[in-house]
Amino acid sequence: MASDAKSALRSRIAVRLEAASGALASTTAELLLIPCCEGEPTLPGDAKPLSKPLAALLTDRRERGEFTGKANQLSLAEPHGVISAKRLLLVGLGKRSAVTAETIRQAMGKAAGQIKTLGVTHLATPLFGPGLGKLTPAAAAQAQAEGLLLGLYDFNLYKTETKPPVKSLTRATWVVSDKRLLPIVQGSLKWASIVSDAAMLARDLGNHPSNVATPSKIAELAKALAAELKLRCTIMERAEMERLGMWALVGVARGSQEPPKLIMLEYKGGRAGEPPIALVGKTITFDTGGISIKPSENMEQMKDDMSGGAAVLAAIQAAARLKLPVNVIGFLPATENMPSGTAQKPGDIVKTLSGLTIEVINTDAEGRLILADALTYAARFKPKWLVDIATLTGACGVALGKHAIGLIGTAPKLVAALKEAGEVTGERTWEMPLWEPYYDQIKSYVADVQNVGGRYGGVITAGAFLSKFVGKTPWAHLDIASTAWIDEPRPYTPKGVTGVGVRLLIEFLSRQRSGATKSRRGGRTTRASR
Ligand code: BES
Ligand code: MN
Ligand code: ZN
């Protein structure tokens, strides 16, 4: 059943986010979360009235060096009747002038990590700001809520050992002093839950092992989403790929027992006939490297090689739930990359949907092979913009480390829009040059192009390769190979699959102006400066 496919793959955290007007001091929540700026004796924003009753506590903690308001610092207290909440969690935001949406997400994520262990079911918090950094109330509320929800995330679907029961958070109340801000905050909270749920869907999909999250299972999930959200979903099977001539995609699937799928998911929130934004996500459900097999160390992480596809699926889910006034069509070329007696071999030449032939020098450069056909196919839908997102190259980590998404493209406006969306969401990108000399590295002596470009500039030669398959369509590529997985937990991201790119894509889509439809974002149009 379609809906079973969906529930079986999701780890649920259901936290109700709400906004209410009133005074923090008299909240009925079990825990009050209070922000504090470094080097300031007074609490910021709506927490200001608590500065006096909490003065002794704050001074004491500061003098003992326990809590100074440094970014992401936490301090738990039992205020004993000074305020009505039984517990108080102080969280540092760092210097007021340095507060951004990202520092707020991080502080909330850190707090979430502690809250998880406390057995608290209901928390109250003031709006962090306005007046902090350059944040609008809408942006601050969104950042707070996203940091909280993403920080609570835990992938525990396979742990059968029962731990001592800890109650989990089910409700968070933003206590807002200025009543006029209530609808804005409410709008942001709703927005943030949809966005966070999408990011967590991508985390779930990536964290599921490849024996569960197969191409067929992801196709079922896409169908379930389509049924729920009234989207159009089409699954292209191998026979059709062969009929069309997608031999690069089919070639990668040859080594696997799992049938490949080209999953297409369409959301129409824009005008009828308006060119869509096309999103293509690499969906290798497991990358062994194929005949050019990878070393076994860390190979288990290659279950996340479908993070691009997961991001596309999740972004479309969110676009539909947010009712964004834009037409979006997502393409997920999905297959395993396995070695076997039927697998493609180094030196094999495949003809692509575009007509270009590829010499497969290395079967481990499979992402660009499946993307070649998917990009050509997506371009046939005449999109306004074509964006792909892929865990494409180990070289991305060498070039940029684990804190930037590689960005490359043929359309400066599109590249700029993606860059901007990355800044806003904290999923930052860094552009690479797509210069002509790099194309020399992927020349083949027998075919039109070869699938590897040597040791140097691996992110770029991969991008150059992809660019050959998009025709004249304005295109950009996001390489998330180094950001899709982390071993060291971060404030709002636990170890494992990060769901990177989801929030960036949603933000990017939400900034698209539709010709006909007015923004449906209500009170949220004023979140310009973040
Ligand atoms: N999925 C990998 C890229 C990757 C590597 C992602 C490490 C995350 C962590 C991709 O399919 C791959 O294997 N790329 C090769 C390309 C090379 C053969 C040109 C790589 O980067 O080694
Ligand atoms: Mn590979
Ligand atoms: Zn791969």
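The 6 donor atoms around the zinc ion (ligand 3) subtend angles of 78 to 173°, which makes the arrangement octahedral, a term applied to six donors if opposite ones are over 155 degrees apart and all others between 65 and 115. The model is a predicted one, in which local features need pLDDT of at least 70 and side-chain atom pairs count only at pLDDT 80 or more, whereas totals for chains, interfaces and linings use all residues. Residues are numbered from 1 along each chain as its sequence is written, ligands are numbered from 1 in the order in which they are written, and side-chain values use heavy atoms, with hydrogens and water left out.

The protein donors of the zinc ion (ligand 3), donors being N, O and S atoms within 2.8 Å of the metal (3.2 Å for Na, K and Ca), are Lys282 (NZ), Asp287 (OD), Asp305 (OD) and Glu366 (OE), which lie 2.0 to 2.4 Å from the ion. Their spacing in sequence is K-x4-D-x17-D-x60-E. Asp287 also coordinates the manganese ion (ligand 2), and the two ions are 3.1 Å apart. Lys282 and Asp287 are both buried, that is, under 20% relative accessible area (1.4 Å probe, protein chains only).

Ser482, which lies in the loop between strand S18 (475-479) and strand S19 (485-486), strands being DSSP runs (E) of at least two residues, likewise counts as buried, at 5% relative accessibility. Leaving aside neighbours within four places in sequence, Ser482 is in contact (heavy atoms within 4.5 Å) with Cys396, Gly397, Gly401, Lys402 and Ala404. Between Ser482 and Phe381, 101 residues apart in sequence, the C-alpha to C-alpha distance is 30 Å.

Terms used:
Four donors count as tetrahedral if all angles lie between 85 and 135 degrees; four count as square planar and six as octahedral if opposite donors are over 155 degrees apart and all others between 65 and 115; anything else is irregular. Buried means under 20% relative accessible area, exposed over 50%, partly exposed in between (1.4 Å probe, protein chains only). Helices (H or I, at least four residues) and strands (E, at least two) are DSSP runs, numbered from the N terminus.
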